[in-house]
Amino acid sequence: VALHAELSDEAQVAALLPACTAALGRPVCIVNNASSFEEDTPLDVGYELLLKLTAINLGAPLVLARMLFDATPQAALVDETQRSVVINVLDQKLYNMNPDYLSYTLSKAALQTATVALAQALAPKVRVVGLAPGLTMQSADQTAENFAAAHRVTPLGRASRPEDIVAAALYLADATGVTGTTLVVDGGQHLVPLPRDVMFLTGF
């Protein structure tokens with residue numbers, strides 16, 4: 001079932017869970033993967049883009065977490081099988097800072113902090129965890145050669161692959177003893193300090 005919502009519109013986001021429940025039954029896991037990734041720096045940052053990315057990358061996950069909490073039965077207070085989980089997709093960039101894509105980075109940093117706060121506030125009915133991938137798929141602004149070179153600049157010789165992220169999400173969805181923490185799945189990319197975002201580094 002495909003459900004559509006404009007993530008910058010709170011009312012549309014709030015309607016997603018009831019629509020999902022009507023179509024498939026009560027959801028027990030939300031993966032907040034969708035986000036907006038647009039370029040700015042500290043030299044040209046402004047309210048318009050910052051607020052837009054904050055609404056999409058932070059606001060929507062907050063509303064969805066609240067909706068999932070409300071939909072999770074009170075029985076979950078004592079019955080672990082009734083509990084739910086939110087997985088917030090973050091970014092290895094939070095562990096390997098650079099000033100590129102500033103508004104995006106700030107929105108993801110806020111979501112990382114929200115992951116901890118929500119884990120505290122929504123327990124025990126809902127677990128809240130983070131998943132931070134690295135460079136995974138070629139963007140429209142990258143050549144195949146640049147993507148391949150950037151992907152190799154990690155201790156494991158490759159950054160994250162889609163199947164790595166899926167495996168991590170499946171683990172976190174089932175890891176009933178894990179909440180309020182983030183799993184970095186990036187081939188060790190965050191261990192290699194870079195002065196610019198990997199999108200801008202062409203010589204390796």
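Contact here means heavy atoms within 4.5 Å. I worked throughout on a predicted model.

**Entry 1: helix 4 and the sheet.** I looked up where helix 4 (residues 102–122) lies. Helix 4 lies across strand 2, strand 3 and strand 4, and I noted that helix 4 runs at about 155° to strand 3.

**Entry 2: the sheet.** I then traced the strands. They form an open sheet of four, in the order 1-2-3-4, and the pairing is parallel. Strand 1 (29–32) and strand 4 (182–185) are at the edges; each has a single partner strand, so one side of each lacks a neighbour in the sheet. On average, neighbouring strands are turned by 20° against each other, with direction ignored.

**Entry 3: strand 1 with strand 2.** I examined the pairing of strand 1 with strand 2 (residues 84–89). The two run parallel and are joined by four bridges. Within strand 2, Val-86 is the residue that stands opposite Ile-30.

**Entry 4: helix 3 on the sheet.** I found helix 3 packed on the sheet, where it touches strand 1, strand 2 and strand 3 (126–133). The direction of helix 3 makes about 170° with that of strand 2.

**Entry 5: helix 2 with helix 3.** I checked how helix 2 (residues 16–24) meets helix 3 (residues 47–71). Their axes come within 9 Å and cross at roughly 45°, which makes helix 2 oblique to helix 3. Helix 2 contributes Leu-16, Leu-17 and Pro-18 to the contact, while helix 3 contributes Leu-64, Met-67, Leu-68 and Ala-71. I recorded the classes in this contact as seven nonpolar, no polar and no charged residues.

Methods. Residues are numbered from 1 along each chain as its sequence is written. This is a predicted model: local features need pLDDT of at least 70, side-chain atom pairs count only at pLDDT 80 or more; totals for chains, interfaces and linings use all residues. Side-chain values use heavy atoms; hydrogens and water are left out. Axes are lines fitted to C-alpha atoms, for helices over the stretch in contact, and angles run from 0 to 180 degrees between N-to-C directions. Angles under 35 degrees count as roughly parallel, over 145 as roughly antiparallel, 65 to 115 as roughly perpendicular and the rest as oblique. Ala, Val, Leu, Ile, Met, Phe, Trp, Tyr, Cys and Pro count as nonpolar, Asp, Glu, Lys and Arg as charged, and the others, Gly among them, as polar. Two strands pair if DSSP finds at least two bridges between them.
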